[in-house]
Amino acid sequence: MMPEDHAASSRPGRPSRLATGVAIEIVGLNKWYGDFHVLRDINLKVMSGERIVICGPSGSGKSTMIRCINRLEEHQSGRIVVDGVELTDDVRKIDEIRRDVGMVFQHFNLFPHLTVMENCTLAPIWVRKMPKREAEDIALHYLKRVKIPEQAHKYPGQLSGGQQQRVAIARALCMNPKIMLFDEPTSALDPEMVKEVLDTMVELAEDGMTMLVVTHEMGFARQVADRIVFMDEGQIIETNVPEEFFAHPRHERTRLFLGQILR
Amino acid sequence: MRRSAAEHETTEIAFVRRTPLAPQPPPKTMTGALGWLRANLLSTPLNVALTVGVALLLAFAVPELVRFLIVDAVWTGEGRDACLESVQHREIGACWPFIWERLPYFIYGSYPIPERWRVDLFFAMLAVAIAWLMWLDAPRRDLGVFYAFVVLPICAYVLLHGVAAFGLPVVDTVLWGGVLVTLVVASVGIACSLPLGIMLALGRRSRMPAVRLLSTVFIEFVRGVPLITVLFMASVMLPLFVPQYLEPDKLLRALIGIALFASAYMAEVVRAGLQAIPRGQYEGAMAIGLRYWAMMRLVILPQALRITIPNIVNTYIGLFKDTTLVFIVGIFDFLRTIEVARIDPKWATPVTSTTGYAVAAIFYLVFCYGMSRYSRAVEARLAAGESR
């Protein structure tokens, strides 16, 4: 079935976040790696404040899709509009979008030669042209929020994986983004560190951040997502609210996938 | 008793530790001088053999060196007779009076004697620049960079070449020589090759085909040609293409030749470093909104240059020694001044050449080993800072 372009449905027990605006609109997106058709006719509309979890087997194009949103990957056809700005080859538009879209990676991608504080203040100082003092205040605010202000003067290599990922979240938040993309944020973590990162993400979601999360953490999806997008072979196979998605998967491949990951 | 026995019963499946084990000191053979000897000199039979071999070599070479350079050396004298075995009737080592007398020539070349204070001032300014840049905790290192790359070159030109309007008579570069030339050529090469090399390396990895092609062609062309050829081309062929009045100074031509030559090698060194930086670092930098130049300057290059410090210094050391090749285009660098002096009939003795070359060896060794040690110290310090 075609993915529906539906707005965040107000779910029981949640503050209703009726459509305040379209955060991301993807229309007819196609991408190829050489001859390989990685993304096939992707259509997805994300409203401001909506939390989307994207899941699917590895190689299904989930990461590639969200990496297209901040142009870490180029697309060959279709439209991506982020916060009213259409993504084209225009460098200024790419810059504009990257300023407003934060990203958290599977392998953190912190800068090992800079302290935690410097990691967090780098972009505010050099991209937003913020005075250093102000950038440090903001960084400290977000480091407190991810509960590691005491690590500010350490280097990333001195922190545990979970702490590093929380720094990465803080670093992205320091740019005060409107949208956060998470690319398998817990997949490279030791099991005992997954929870601290997920807790941070849950808090972020509760504050109303627009989030697109590629993850295999189905517990998180159930708890936080407004919608779950299931992808396979570069296509969106099924999207639905979590309750329906888990209780009544409609597509054969969704059922197969859920059968494999939910034992 | 029974409980303790049960605790160590290996066949029992369930085990609960009741007495925590305190950490014990390592065995004596691992620590102290003995431990060091075992670990570093005598760990395997091959290592033992190598240790013995090196010890024998040192036992042979060191006394000989000490004998020649110090014990049997001649320290004072007024000419070749002081260093002649047939006159002195004793074993003769190094002929130091020869060095003392020709030392000003080794340092300044034929630079006019009344103007040599200008060279001394330049040496002092160069020393300040080097100290400022090399001392990592120095105050205002940004100012140090400005001083070294803007103030110093201008002052060096005014001082060494001279500007008549400032009351400093022009000294033609033909008269320059010795340590002066070696240091000028080496510092220009060192100061230019890294920035140029970085630009070429970035160019070679650029997404713009024209930039990439130009950089690649330049690097491959320069690397494919011996330095001597570059110098010959700069001094012999350039005048054929450039009108007489535009023709740059001979030393300047050699400087440009060496700087370009070194930068091609540096480009490949830097490129290796750039390639070692994981893709995630680029993506992390782009995702937070850094543009190309900011990303390179703040994220990629600091890491890439750090891992290539050993190779950068390797290139620098090679460059420092390659400066001796400028003699083939008629420039009197330090080694060339020794070459000239050693055949001076006033000091012609069997030990004169050996003494001169020994001094040259010590000079180059001090500079090159100094660079090497400094780079090790910087590496250790950067590694400690990040403790990865």
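**Exercise 1.** Are Tyr111(B) and Trp176(B) buried or exposed? Then classify their ring pair and say what it links.

*Solution.* Keep in mind that this is a predicted model.

- Step 1: Both Tyr111(B) and Trp176(B) turn out to be buried.
- Step 2: A search over all chains of the whole structure gives 19 aromatic pairs. For Tyr111(B) and Trp176(B), the ring centres are 6.4 Å apart and the planes meet at 55 degrees, so this pair is tilted.
- Step 3: Tyr111(B) sits in the loop between α5 (96-108) and α6 (116-134) of chain B, and Trp176(B) in the loop between α7 (141-161) and α8 (178-204), so the pair ties together parts 65 residues apart in sequence.

**Exercise 2.** Find how the rings of Phe320(B) and Tyr364(B) are arranged, and where the two residues lie.

*Solution.* Let's take the geometry, then the location.

- Step 1: With 5.7 Å centre to centre and 70 degrees between the planes, the pair is edge-to-face; the cut-off for that class is over 60 degrees.
- Step 2: Phe320(B) belongs to helix α14 (residues 309-322) and Tyr364(B) to helix α16 (residues 352-386) of chain B, so parts 44 residues apart in sequence are tied together.
- Step 3: Phe320(B) is buried at a relative accessible area of 3%, and Tyr364(B) is buried at 10%.
- Step 4: Both residues belong to one aromatic cluster, whose members include Phe98(B), Trp347(B) and Phe367(B).

**Exercise 3.** Decide how spread out chain B is.

*Solution.* Start with the make-up of the chain.

- Step 1: Chain B contains 16 helices and one strand.
- Step 2: Its radius of gyration is 29 Å, well over the 21 Å from the globule rule for 388 residues, so chain B is more spread out than a compact globule.

Note on methods
Residues are numbered from 1 along each chain as its sequence is written. Chains are lettered from A and ligands numbered from 1 in the order in which they are written. This is a predicted model: local features need pLDDT of at least 70, side-chain atom pairs count only at pLDDT 80 or more; totals for chains, interfaces and linings use all residues. Side-chain values use heavy atoms; hydrogens and water are left out. Helices (H or I, at least four residues) and strands (E, at least two) are DSSP runs, numbered from the N terminus. The radius of gyration is taken over C-alpha atoms; the globule rule is 2.2 Å times the number of residues to the power 0.38. Rings of Phe, Tyr and Trp (its six-membered ring) pair if their centres lie within 6.5 Å; planes under 30 degrees apart count as stacked, over 60 as edge-to-face and the rest as tilted. Buried means under 20% relative accessible area, exposed over 50%, partly exposed in between (1.4 Å probe, protein chains only).
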